[in-house]
Amino acid sequence: MMEGLMSEQMYIADKDYRVPSGCGVSGIMNEAGERFSGEAIMCSIALMRERSNGLGGGFAAYGIYPDLADYYAFHLMYETDEAKRQTDEYLRAYYTIMHDEPIPTRKIKVISQSPLLWRYFLKPREDVLAKNPRLSEQDLVVQTAMYISGKIKDALVASSGKNMGIFKGVGFPEDIGEFYRLEEYRGYIWTAHGRFPTNSVAWWGGAHPFGLLDWSVVHNGEISSYGINRRYLQNFNYSCSFFTDTEVITYLFDLLIRKHELPFEIVAKILAAPLWADIERMPEEEKEFYQSLRIVYGSALLNGPFGVIVANSQTMLGLNDRLKLRPLVAARWGDFIYIASEESAIRQICPQPDRVWMPRAGEPILGRMRRNNLAKDPLSQEATAEVFEAGREEEGL
Amino acid sequence: MNAAKVVNINAQGIYYRELNESIHQAVRNGQKEIILEQVNGQRYIADGLSGKDVKITIHGTAGNDLAAFMDGPTIEIFGNAQDGIGNTMNAGKIIVHGDAGDIVGHSMRGGKIFIQGNVGYRVGIHMKAYQDLYPVIIVGGCAQDYLGEYMAGGLIIVLGMNNNGSWPIVGDYCGTGMHGGVMYIRGEVKDFQLGKEVKIFELDSKDKKNLELYVREYAQDFSLNAEEIIKERFFKLIPYTHRPYGKLYAY
């Protein structure tokens, strides 16, 4: 729609200017941990082509590197060889590089140029961790990702979790998927994003999903509380170098769930908090709880219209803003849970789900790896227990 | 043109532009009945389409902005409808044998939208009526928040059927900014659920006649018993001022 109006001269990249966007999102999870090809998610997001404009698409995939599942998989985007040289040097100072290689791609007509795409499988060095007893492995990975994306010119970390990866770029999502040969991967969670940026040129690093550790976020909408959220996160040493809404959402999840060890249900009520008028009508105990939540975590509230799908290696969560200003539909079919901007994007890959519903504003849709499958999963030891204690709740209407 | 009586189109995998062009072409050729099979999310079906005697039947999931600016035809959907159906619709009828998404009947100016199941947020936002143009939305199930937001005219009926009582019949902020038109709700609505501009009233005899007229038509479309529906207690929601913002902006 805007192609005729867009020109690189007129607009600045969104790394220099924050961008609201209207987009399409889709996510599929198999809660039994069965892995399936990337074809399904490509098919789903492709159906919502009208929600993208070819200026950004991407995928997050979980369970794709089972043979290297013990190592942090770093997906890197380089604009120059020098950026790779500096990054390699930096990584070697903190990690043993167990394996590294170019991310396999195929030549396709519609994607004429891409950055240098490289993946590393990293093991934090014992001596580094021994020297910094207060630094956890995961904190080290966060620091590394922030340093490379923020300080090394022309280098960006697309993802940095174990047994997962983010594949993204400038193009329609189905083309990006074809470019990265995603049908050749098998994962148990897949999320996808088709981008429709409305006031800037697109760039590879600015595409969704955004990732940190094993977090990935795809997002449709605009976070008008960006400035408050960003300042809040800075207090906890998160530096927002991408200047995107998706980045602050990712860091908020990392802070509230990994660091503060809150369950997803509570985090949903912090990010999409009930309105004060609703809290006022709650029974006394509940009222006190929600009041405290809003007071303690007021700066983590996400304002503005959004529909997001957040995932980590054990969970997929869909969440709308509290006034329901963006669409999200959910469905269940056997062990599968689906979340998408449109019902048709689900039915395209699952024509007859057991149940389809539109979640209420601020009500999280949660897909969780089943407990009995955790033992088989190489990541089980790292799973924070309390997140999985809570039984699976029945979703809304 | 020697046209067959019914045109069947299999929409599977067909891009929305091509599908809609086929529909418009069929109507231009004088076709009166079109059946679309395997629809899945195609947008803008029957947008701007005219012709009182045109009937379109859809099997599948109807995409966003179905029947926007439509002026006359009848659309019957066997499946769910996504967001924004009947956007700025002028005349005609949409019958949905399933649920519908957000902003059903956005800025609707005339015609009818009958939905068997539940609907999403902001249904009937900015509906309006003028002279003999009188838009009507009937929801068989429940509606979410902001029902009839900024409503300026027309009628919304919510029946709350197939609800086990665990769900409020309408969401919160119902009728926020409403300054015209009327809603009939089949069941209790609490004061806190209402926008500041709306008040709850009993139905008078004129309301009852109006309600019965449309519920009978609805019951017929979905093969339901109209008496069973009407015998329950309804409440009327109307704005108590026609100029809700008069005090704010006028001086």
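Me: Two strands count as paired if DSSP finds at least two bridges between them. What makes strand 15 and strand 17 of chain A a pair?

Reply: This is a predicted model. In it, strand 15 of chain A and strand 17 (residues 355–357) of chain A share three bridges, in the antiparallel sense. The cut-off is at least two bridges, so the two strands pair. A:Ala331 stands opposite A:Val356 of strand 17 of chain A.

Me: How do you know that strand 15 and strand 16 of chain A are joined as well?

Reply: Five bridges join strand 15 (residues 329–333) of chain A to strand 16 (residues 336–340) of chain A, and the two run antiparallel. Pairing needs at least two bridges, so this pair also qualifies. One bridge partnership is that of A:Arg332 with A:Ile337 in strand 16 of chain A. The hairpin of these strands has two residues between them, and A:Gly334 takes a positive phi near 55° there.

Me: What makes strand 13 and strand 14 of chain A a pair?

Reply: Strand 13 (residues 306–312) of chain A and strand 14 (residues 315–320) of chain A are linked by six bridges in the antiparallel sense. With at least two bridges required, they are a pair. A:Val310 has A:Leu317 of strand 14 of chain A as its bridge partner.

Me: In which sheet order do strands 11, 12, 13, 14 and 18 of chain A stand?

Reply: The order is 11-12-13-14-18 in chain A, an open sheet of five strands with antiparallel pairing.

Me: Why are strand 11 and strand 18 of chain A called edge strands?

Reply: Strand 11 (210–212) and strand 18 (365–368) of chain A each pair on one side only. On average, neighbouring strands of this sheet are turned by 15° against each other, direction ignored.

Me: What is the order of the four strands in the other open sheet of chain A?

Reply: The order is 5-6-4-7, and the pairing is antiparallel. Strand 5 (95–102) and strand 7 (155–159) of chain A have a single partner strand each, so one side of each is left without a neighbour in the sheet. Neighbouring strands here are turned by 30° against each other on average, direction ignored.

Me: How do you know that strand 4 and strand 7 of chain A are joined?

Reply: Four bridges join strand 4 (residues 72–78) of chain A to strand 7 of chain A, and they run antiparallel. The requirement is at least two, so the pair stands. A:Tyr78 has A:Ala155 in strand 7 of chain A as its bridge partner.

Me: Which strands does helix 2 of chain A lie across?

Reply: Helix 2 (residues 81–94) of chain A lies across strand 4, strand 5, strand 6 (116–124) and strand 7 of chain A, and runs at about 10° to strand 6 of chain A. Helix 4 (residues 137–151) of chain A lies across strand 4, strand 6 and strand 7 of chain A, at about 140° to strand 7 of chain A.

Me: Why are helix 7 and helix 8 of chain A called oblique to each other, rather than parallel or perpendicular?

Reply: Helix 7 (residues 245–259) and helix 8 (residues 264–271) of chain A pack at about 135°, with axes 10 Å apart. Roughly antiparallel requires over 145 degrees and roughly perpendicular requires 65 to 115, and the rest above 35 is oblique. The two helices are therefore oblique. Their crossing is right-handed. A:Leu252, A:Phe253, A:Leu256 and A:Ile257 of helix 7 of chain A make the contact with A:Phe264, A:Val267, A:Ile270 and A:Leu271 of helix 8 of chain A. By class, these contact residues are eight nonpolar, no polar and no charged.

Me: Why are helix 6 and helix 7 of chain A oblique to each other?

Reply: The axes of helix 6 (residues 226–234) of chain A and helix 7 of chain A cross at roughly 45° and come within 10 Å. Roughly parallel means under 35 degrees and roughly perpendicular starts at 65, and the pair is therefore oblique. Helix 6 of chain A passes helix 7 of chain A in a left-handed crossing. Among the residues that meet are A:Tyr226 and A:Arg230 of helix 6 of chain A, and A:Asp245 and A:Tyr251 of helix 7 of chain A. The contact of these two helices has six nonpolar, one polar and two charged residues.

Me: What makes the peptide bond from A:His208 to A:Pro209 cis?

Reply: Its omega is near 0°. A:Pro209 is in the loop between strand 10 (189–194) and strand 11 of chain A.

How values were computed
Residues are numbered from 1 along each chain as its sequence is written. Chains are lettered from A and ligands numbered from 1 in the order in which they are written. This is a predicted model: local features need pLDDT of at least 70, side-chain atom pairs count only at pLDDT 80 or more; totals for chains, interfaces and linings use all residues. Axes are lines fitted to C-alpha atoms, for helices over the stretch in contact, and angles run from 0 to 180 degrees between N-to-C directions. A crossing is left-handed if the near helix is turned anticlockwise from the far one by less than a right angle, and right-handed if clockwise. Two residues are in contact if their C-beta atoms, placed from the backbone, lie within 7 Å. Ala, Val, Leu, Ile, Met, Phe, Trp, Tyr, Cys and Pro count as nonpolar, Asp, Glu, Lys and Arg as charged, and the others, Gly among them, as polar.
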